[in-house]
Amino acid sequence: MFSNRLNNFTKTVALAALIGTGLSTAALSQSAEEKGFEIAARSDRTDTGFESSEVTAVMTLTNAAGRTTTRELYFKTLERENEDVGDKSLTVFETPRDVQGTALLSHAKILEADDQWLYLPALKRVKRISSANKSGPFVGSEFAFEDFTSTELNKYEYRYSGEDTFDGMTVDVVERTPRYENSGYVRQVSLIDQDVFQVRKIDFYDRKNSLLKTLTLSDYREYEGGVWRAHLLTMENHQTGKSTSIAYSDYAFKTGLADNDFVKGVLRRIR
Amino acid sequence: MASMPAMGGDFDVGASVGTELRTFFEGGTLPGQFDTFQPSLQLEGDVRWQSDSGEWDLVLVPYARIDGQDDRRTHFDMREAFVRWSGDEWTVRAGLAKVFWGVAESRHLVDIINQYDTVEDIDEEDKLGQPMLEVSTIRDWGQLTGYVMPVFRKRTFVGRDGRLRFNGIIDNDLARFGEGNEQNADVDFALRYSHYIGDWDVGLSFFHGASREPRLLASSQPGVLAPFYDDITQFGVDLQYTKDAWLWKFEGIVRETPFETFAAAVGGFEYSFYGITDSGADLGVLMEYQYDGRSEDFQVAAPTIADNDLFVGARLAMNDSQDTDFLGGVVTDLDDGSMSGLVEASTRIGDFWVVELESRFFVNVDNTNLLSVFRNDSNVTLRVTRYF
């Protein structure tokens with residue numbers, strides 16, 4: 001039996017070599033990994049050049065019984081075009097009132113731990129925090145910290161696994177595997193449309209490789225310069241029945257933010 | 001909370017009302033002290049205005065407590081009342097403000113700008129608004145901030161009826177100052193540098209002025225102590241090293257008083273176990289050592305309990321939508337084994353209510369330890385706060 005399989009394997013290799021010589025090497029040399037990366041990179045690079053953005057959002061948390069609570073927050077982001085360093089971002093809570101002004105400043109890295117500072121307005125205290133907690137829930141929501149902070153292209157390895165249709169669109173299916181430490185996911189399956197190259201849906205598989213959550217990104221709108229943004233993100237947890245949605249207002253781009261607006265010293269000015 | 005456009009810019013008005021019941025497990029031992037229940041009401045306002053350009057803002061945070069037992073705990077303060085201009089590199093602020101420096105959890109050693117409002121709690125986290133002119137600049141090399149403080153704030157002390165008080169009533173009307181007997185005879189100065197380099201956060205500080213910690217001296221009236229706010233110079237350093245789930249922390253000061261120059265330090269770690277439950281709760285464990293080299297003679301130095309003590313604590317954050325968390329810790333005096341501890345729990349109900357439970361306890365207190373005056377003051381506080 002062993003020799004049989006070996007024999008079949010030899011035949012397959014021989015056949016592949018034969019076909020290979022008859023076809024363009026460029027088409028064949030692109031592996032599923034390379035194609036996956038290419039699709040993800042094309043998607044990621046559609047918003048290159050946005051420089052900075054500011055947006056407010058309402059986060060709605062729904063528990064298994066259907067009860068909801070909301071929080072209002074705003075995000076400021078500074079793009080760093082070099083794909084070997086991550087963006088800088090500031091997240092500030094407006095409600096609930098008892099945590100108004102609580103803020104998270106993050107300097108994303110690619111494979112190293114992000115630098116993060118938390119601002120606690122009641123004490124006026126800036127606290128450097130560990131970013132090792134990638135998989136923990138972000139303010140009790142179904143979003144994990146890494147779902148926000150790990151959107152950089154080079155944080156993943158990619159693999160193309162075919163075409164599908166989703167919501168009337170033809171989409172590429174790209175599986176991505178986190179390269180950074182402490183991720184709660186063994187893999188993620190993303191659907192990227194072939195028209196404007198935006199991520200439409202991501203299935204998250206936990207460390208036991210069972211389907212944990214599904215993120216649906218909808219209400220995409222195009223801004224000046226061909227920058228696209230989803231205005232409704234819905235994260236559904238299949239294991240707990242809870243869900244969280246984030247509804248964004250209109251984005252403002254190129255708002256003049258600079259590195260100086262993303263240092264820990266500015267946190268004290270928030271509240 | 002209400003946001004409305006008015007006279008240009010953005011107005012934001014908020015408030016909170018807290019109802020509190022503090023219950024002592026044992027009766028008071030000092031003359032005049034009440035025995036068991038201490039109901040209290042907390043009122044805080046919050047008015048903010050920001051100009052359209054975002055360069056100017058105005059903040060008013062009045063605070064009042066009305067206490068059912070201790071008329072010294074009934075008090076009003078402007079926690080914040082300032083106007084601020086923020087440019088690209090410079091920020092200037094004038095008025096009453098609150099400032100926090102440092103990294104440690106069990107003791108705030110370098111944090112010296114604000115006076116503590118100790119009638120609120122003995123944990124040194126409630127502060128009086130400090131009148132100041134603050135000028136700050138943020139550059140590539142870090143943040144440098146200078147403070148000029150023309151008005152001194154005296155520490156608040158519980159009254160004769162109050163619990164958690166010294167063996168003697170501290171009377172601020174008898175206060176004396178190293179800078180002359182006038183409260184505001186001199187101006188206090190401070191300088192603060194703060195930056196981060198990779199995994200390190202670094203702070204350096206300098207202060208010259210009236211000590212926020214008074215010596216407590218006998219007065220001509222029996223049973224009444226007079227606070228003496230010495231003129232001091234203090235250098236401080238605070239460091240934090242953040243790696244994986246570890247936070248390593250250190251704060252140290254050197255303080256020169258008219259009587260002595262001494263050093264004090266607090267240092268330790270916080271380690272977090274993430275995702276200990278399916279719902280994603282985190283458990284942090286903390287340990288900090290406290291050292292203070294000051295004289296134990298009350299004629300020479302302000303009293304401190306943190307001279308050679310070890311803090312061990314734990315923090316459980318449920319990471320739920322109500323932000324439920326628990327904190328517990330014990331400080332043990334390594335010389336005589338006296339212990340003081342705390343347990344705190346907090347959760348939100350709906351969008352506008354927060355319920356907190358806080359307990360402070362004193363165990364195994366040695367008769368010679370400063371804490372011995374608190375040995376019957378173990379208590380539990382239930383607080384319900386409505387936010388508007």
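Which residues have the most contacts inside the largest nonpolar core? That one gets worked out in Exercise 1. Keep in mind throughout that this is a predicted model.

**Exercise 1. Find the heart of the largest nonpolar core, then trace which elements build it.**

Step 1. Start with the residues. The largest nonpolar core holds 23 residues, and the ones with the most contacts inside it are A:I39, A:A40, A:F138, A:Y158, A:V174 and A:I192.

Step 2. Now look for the elements behind it. Two or more residues of this core come from each of α3 (32-44), β7 (156-166), β8 (169-178), β9 (185-193), β10 (199-206) and β11 (211-223) of chain A.

Step 3. Zoom in on one member. Setting aside neighbours within four places in sequence, A:I192 has contacts that include A:I39, A:V171, A:V174 and A:V199. The list for A:I192 also takes in A:S43, A:D172, A:Q198 and A:R200.

Step 4. Check for a second core. There is another one, apart from the core just described, with 22 residues, including B:L96, B:L109, B:Y147 and B:M149. As background, nonpolar side chains tend to be buried together in soluble globular proteins.

**Exercise 2. Decide how far to trust each chain, and pick out the stretches to treat with care.**

Step 1. Take chain A. Its mean pLDDT is 87, with 89% of the residues at 70 or better.

Step 2. Go element by element. Helix α1 (residues 2-22) of chain A has the lowest mean pLDDT among that chain's elements, at 46, while strand β13 (residues 243-248) of chain A has the highest, at 97. The pLDDT is below 50 across residues 1-26 of chain A, and this stretch makes two contacts in the model beyond near neighbours in sequence.

Step 3. Do chain B. The average pLDDT here is 94, and 97% of the residues reach at least 70. Residues 1-6 of chain B stay under 50, and the model gives them eleven contacts beyond four places in sequence.

Step 4. Add the scores for the model: ipTM is 0.93 and pTM is 0.90.

**Exercise 3. Describe the make-up of each chain, and say whether the radius of gyration of chain B agrees or disagrees with a compact globule.**

Step 1. Count elements. Chain A has four helices and 14 strands, whereas chain B has zero helices and 23 strands.

Step 2. Look at burial. In chain A, 36% of the 271 residues count as buried; in chain B, 36% of the 388 residues do.

Step 3. Look at contacts between residues at least 6 apart in sequence. In chain A, 45% of these join residues at least 24 apart, and in chain B the figure is 53%.

Step 4. Test the globule idea. A compact globule of 388 residues would have a radius of gyration near 21 Å, and chain B has 22 Å, so the two agree. The C-alpha trace of chain B spans about 60 × 55 × 45 Å along its principal axes.

**Exercise 4. Work out which strands pair with β14 (residues 224-229) of chain B, and in which direction each one runs.**

Step 1. Begin with β9 (residues 169-170) of chain B: two bridges tie it to β14(B), and the strands run parallel. B:I169 stands opposite B:V224 here.

Step 2. Next comes β10 (residues 176-177) of chain B, also parallel to β14(B) with two bridges. B:R176 stands opposite B:F228.

Step 3. Finish with β13 (residues 215-218) of chain B, which is joined to β14(B) by four bridges and runs antiparallel. In this pairing, B:R215 is opposite B:F228. The β13(B)-β14(B) hairpin has five residues between its strands, and B:G223 takes a positive phi near 80°.

**Exercise 5. Are B:N319 and B:N364 buried, partly exposed or exposed?**

Step 1. Place them. B:N319 sits in the loop between β19 (308-317) and β20 (325-333) of chain B; B:N364 is in the loop between β22 (353-363) and β23 (379-387) of chain B.

Step 2. Check the backbone. B:N319 has a positive phi of about 55° without being a glycine, and phi of B:N364 is near 60°.

Step 3. Count neighbours. B:N319 is buried because 22 other C-beta atoms lie within 10 Å. B:N364 has 14 within 10 Å, so B:N364 is partly exposed.

Definitions and conventions. Residues are numbered from 1 along each chain as its sequence is written. Chains are lettered from A and ligands numbered from 1 in the order in which they are written. pLDDT is the predictor's confidence in each residue, from 0 to 100. Two residues are in contact if their C-beta atoms, placed from the backbone, lie within 7 Å. Two strands pair if DSSP finds at least two bridges between them. A residue is buried if 20 or more other C-beta atoms lie within 10 Å of its own, exposed if 12 or fewer, and partly exposed in between; C-beta atoms are placed from the backbone. A nonpolar core is a set of buried Ala, Val, Leu, Ile, Met, Phe, Trp, Tyr and Cys residues joined through C-beta atoms within 7 Å. The radius of gyration is taken over C-alpha atoms; the globule rule is 2.2 Å times the number of residues to the power 0.38.
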